[in-house]
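Student: Let's go through this model by its side-chain pairs and its interior. Where should we begin?

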Amino acid sequence: MISVIIPAYNVQDYIAECLDSILNQTYKDLEIIVVDDGSTDNTPQILEEYAKKYPQIRILTQQNSGQSVARNWGLRESSGDYIVFVDSDDWLATNNSIEMLYEKITETSADFVQAGLAFKKGKVLTEYKIQSQGLTKGRDILYNMLEVKDLYTSPWAKIYSSEFLKDNNLNFIEGLVNEDTAFSICIAAKAKQVAYLNALTYVSRERDGSTSREASSIRMLDTMHKVMNQTRCFLKTNNLFDSKVSLLFEARYVRSMLYNLLQSAQRNNFKTLNNDHRYCVSKTDYMKLLPYRKQLPLAHRTLSYISQSPFFFFLTAKLMKFAGFKMH
């Protein structure tokens, strides 16, 4: 059995498309766990209708506590041999997405499999393909995740061994918006073998009103700082913070904070960006860790230099948005 875990909050316009994409899968031995995170729109009614019609759907309801709490509850309640995460406003790209993931993880005995994914905003679809072939093993998995090569931060477009997650007590940090970053790094640190699927399996909808877009920029910067500090402690506690991991991790910190600054600049006016920039410089480790940007790709290094001037960074971010540049 494969457990599909879906956190849901006020997604009345999207949840049907999400569920239909899962119910239409060619792989049928599915347990679909939807955790309603205290929705105040018609999401609960839609879920109830689906659950009455499809016995494989199980609805859990909690007071609004956040996506990480919902995912963790779904994990605890799951009984599948494998785990797939789907966000409630997204959908599986093809009818055989889960079948392809299942075949790859069973034939390779990997702890998890990374597949291709796409982001859709309006009518524009941006696809991210997997270039790696074969397997990544040992410490190279963590290096790959920290450098964001073929292992992406999001928990979607992956299938996980349930035994691997539960044996290593891997779950999401609760109460913080950027929980995906910590989860992705921790699973990479604990995994012994990862496989890749060079196929598009998942589409993420980029929209206003999603969890990350509703959070204030300062909250995003603050929680990213806390998430990275907790993740650093995790790596040190598990004796994984060697010299190479240290270089890559601190560069990843810079990259993650830079991403949040870019989001602020692209979504807000200059006054808001200036306030966010002041917070980032004074309340996080961004400036202290900037020397580690030498480990980043050229485009990110260049952007980090520009970020030291709020005005020029704001102009650059708006031009990048106009040109359709994405930093995932």
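Student: This is a predicted model. Are Trp156 and Tyr202 buried or exposed?
Tutor: Buried means under 20% relative accessible area. Trp156 meets that mark, and Tyr202 does too. The answer for both is buried.

Student: How many aromatic pairs does a search of the whole structure find?
Tutor: Ring centres must lie within 6.5 Å to pair. With the whole structure searched, the number of aromatic pairs is 17.

Student: What kind of pair do Phe85 and Tyr160 form?
Tutor: Their ring centres are 5.8 Å apart. Planes over 60 degrees apart count as edge-to-face. The planes here meet at 70°, so the pair is edge-to-face.

Student: How many residues apart in sequence are the parts that Phe85 and Tyr160 tie together?
Tutor: Phe85 sits in strand β4, residues 82–85. Tyr160 sits in strand β9, residues 158–161. The pair therefore ties together parts whose separation in sequence is 75 residues.

Student: Does Phe85 count as buried or exposed, and which class does Tyr160 fall in?
Tutor: The limit for buried is under 20%. Phe85 has 1% relative accessibility, so it counts as buried. Tyr160 has 0%, so its class is also buried.

Student: How are the planes of Trp156 and Tyr202 arranged?
Tutor: The two rings form an aromatic pair at 5.2 Å centre to centre. Planes under 30 degrees apart count as stacked. The angle between these planes is 5°, and the pair is stacked.

Student: Where do Trp156 and Tyr202 lie, and how many residues apart are they?
Tutor: Trp156 is in the loop between α5 (139–147) and β9. Tyr202 is in strand β10, residues 193–205. The pair links distant parts of the chain, with a separation of 46 residues.

Student: Which residues do ring pairs link into a cluster with Phe85 and Tyr160?
Tutor: The cluster is built through ring pairs, and Phe85 and Tyr160 belong to it. The other members are Phe112, Phe172 and Phe183.

Student: Which charged residues lie over the faces of Tyr143 and Tyr305?
Tutor: Over Tyr143, the charge is 4.1 Å from the ring centre and comes from Lys244. Over Tyr305, the distance to the ring centre is 3.6 Å and the residue is Arg293.

Student: How many salt bridges does the count come to?
Tutor: The rule asks for a side-chain nitrogen of Lys or Arg within 4 Å of a carboxyl oxygen of Asp or Glu. By this rule the count is 12.

Student: Which helices does the salt bridge of Asp180 and Arg71 tie together?
Tutor: The closest N and O atoms of this bridge are 2.6 Å apart. Asp180 is buried at 17% relative accessibility, and Arg71 is buried at 0%. The partners are 109 residues apart in sequence, and their helices are α7 (residues 179–190) and α3 (residues 67–77).

Student: Which residues are joined with Arg71 and Asp180 in one network?
Tutor: Salt bridges that share partners make the network. Besides Arg71 and Asp180, its members are Asp87 and Glu179.

Student: What separates Asp222 and Lys226 along helix α9?
Tutor: They form a salt bridge, with the closest N and O atoms 3.1 Å apart. Lys226 is partly exposed, at 37% relative accessible area. The two are 4 residues apart in the helix, residues 217–237, so the separation is about one helical turn.

Student: Which residue forms a salt bridge with Glu250?
Tutor: Glu250 lies in helix α10 (residues 243–267), and its partner lies in helix α9. Glu250 is buried at 7% relative accessible area. The closest N and O atoms are 3.0 Å apart, and the partner is Arg232.

Student: Which residues does His225 touch, leaving out those up to four places away in sequence?
Tutor: His225 is found in helix α9. At 13% relative accessibility it counts as buried. The residues touched are Tyr253, Met257, Lys283, Thr284 and Asp285.

Student: Which element gives the largest share of the lining of the largest cavity?
Tutor: The structure holds 1 cavity of 30 Å³ or more. Its lining includes Ser97, Ile98, Leu101 and Tyr202. Two elements give two or more residues, α4 (97–108) and β10. The largest share is 3 residues, from α4.

Key. Residues numbered from 1 in each chain as written. Predicted model: local features only at pLDDT ≥ 70, side-chain atom pairs only at ≥ 80, totals over all residues. Heavy atoms only, no water. Phe/Tyr/Trp six-rings, centres within 6.5 Å; stacked < 30°, edge-to-face > 60°. Buried < 20%, exposed > 50% of the residue type's maximum accessible area, 1.4 Å probe, protein only. Lys NZ or Arg CZ within 6 Å of the ring centre and 35° of its normal. Contact = heavy atoms within 4.5 Å. 1 Å grid on protein atoms, 1.4 Å probe; cavity = no way out; pocket = protein on both sides within 12 Å on 5 of 7 lines; lining within 4 Å. Points joined across faces, edges and corners; volume = space filled by probe spheres on them.
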